[in-house]
Amino acid sequence: SEAGLARLPAAHFDIVLCYLSQSGGNTNLETVRQLRETAPDIPVIVLSDVTDEDLAISAVKIGAQDYLVQGECDLNLIERSIRYAIERQQAQKALAMQHAELGDSQQKLLEQTHILESILLSLSDGVIVANKDGQFLFFNPAGEQMVGLGAADIRPEEWPQHYQLYLSDGVTPYPPNELPLVRAMRGESFVNEEVIVSRADDTTVSLSVNGSPLRDPQGNLNGGTIVFRDMTEAKTADREIRRLNTELEKRVRERTAELATINDELEAFCYSVSHDLRRPLRHLDGYSLTLLEGYRDKLDDRGIEFLENVRSAAQHMGELIDALLRMSRTSRGQVRRKQFNLSKTVQLISRQLQHRDPQREVEVHINDDIFVLGDPDLLAAALE
């Protein structure tokens, strides 16, 4: 009835049993159709006193779960039919939910796949993926640009010749079994393998390759993946740095040899000064002293002054020779750095200078307790 149809959407029913009677002239399936349209989630069983196979088939086609003939079924059959109808309806609901969830999962998977492809396509590093049979699954644009060619339907043993792949010497063709992608397909992982590519535009590219195997969720080996970048400029810069270092080392050796020669010449000069100049200086000083002591009464004051000046000059020249010798030893000595009191060192040197030349009047101001890092012996020798 219309009242019953109106109650279906608001009320909760597990099943609807629709009775069709030939005696009442109610064999029209329109009621069943209205039930399915009004409450499509509620199963419908038709119970009729009409044994008509075409009518039963039509009832099932428009949505009835079952068609029972009165007089040919008992209560157990009716009960079993109702239970099965409810279970089928619940199973259909569960299946519909699973289908919807599967559709959502597929949509999310498509979205994630699109994001991953976008990332791989936008990478500046080259990326190549191959399955276990050596068929390319992915070859991004950056990889095509570096290699000079894209994916090709060829066997792995043909890759070195097709892509012009060489070992790091740039001359030896890369052995097919040792190619980074082939090794990754075998299950190996590695980093920074060098591959030289001779491209069709007559340019040579040095690639640094990292590789890893491609596995399914169960851990089975399904192929390999390599990621690589162009290291040509970095390799050229490294060669230039090594060349500059070699040149610098050569210059250092040459400069060291020059310094050694200069030190040898300085040492020879100091030896010459020490042995060749001291003797005439001693003669000048000795003869002048002899004249002053033996012939003072025969010399006037001006002559005595001249002889004393000669002696003073000879002694001063001897001090200069001693200073040259000390400087030579200082330049060849090893520097021993340590922290020391610079104020005390300068005070000691100042007292030594005053004692050596008491007639010289010099005013010295030295701050207290100044500590520095250096060689106090070399400093003393240089100040003297």
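**A walk from one loop to the whole chain**

Let's start at Val364, which sits in the loop that runs between α10 (342–356) and β11 (371–374). Keep in mind that you're looking at a predicted model. How exposed is Val364? Its relative accessible area is 40%, and since partly exposed covers the range between the buried limit of 20% and the exposed limit of 50%, Val364 counts as partly exposed. For a sense of its surroundings, pick Gln347, 17 residues away along the chain: the C-alpha atoms of Val364 and Gln347 are 8.9 Å apart.

Now move back along the chain to Asp301. This residue belongs to helix α9, which spans residues 301–332. Buried or exposed, then, for Asp301? With 66% relative accessibility, Asp301 is classed as exposed, because the label applies over 50%. Asp301 also has company of like charge: together with Asp300, Glu305 and Glu308, it forms a negative surface patch.

Time to zoom out. The protein has 384 residues, and 28% of them count as buried. Its secondary structure comes to eleven helices and eleven strands. If you like thinking in contact maps, take the contacts between residues at least 6 apart in sequence: 52% of those join residues at least 24 apart. As for the outside, the accessible surface of the protein adds up to about 26400 Å², and carbon and sulfur atoms account for 52% of that area.

Terms used: Residues are numbered from 1 along each chain as its sequence is written. This is a predicted model: local features need pLDDT of at least 70, side-chain atom pairs count only at pLDDT 80 or more; totals for chains, interfaces and linings use all residues. Side-chain values use heavy atoms; hydrogens and water are left out. Patches are made of residues with over 30% relative accessible area and no salt bridge: like charges are joined within 9 Å, nonpolar side chains (Val, Leu, Ile, Met, Phe, Trp, Tyr) within 5 Å. Accessible areas come from the Shrake-Rupley method with a 1.4 Å probe; for residues, only the protein chains shown count as cover. A salt bridge is a side-chain nitrogen of Lys or Arg within 4 Å of a carboxyl oxygen of Asp or Glu. Lys and Arg count as positive and Asp and Glu as negative; His and the chain ends are not counted. The place of a charge is taken as NZ of Lys, CZ of Arg, CG of Asp or CD of Glu. Helices (H or I, at least four residues) and strands (E, at least two) are DSSP runs, numbered from the N terminus. Buried means under 20% relative accessible area, exposed over 50%, partly exposed in between (1.4 Å probe, protein chains only). Contact means heavy atoms within 4.5 Å.
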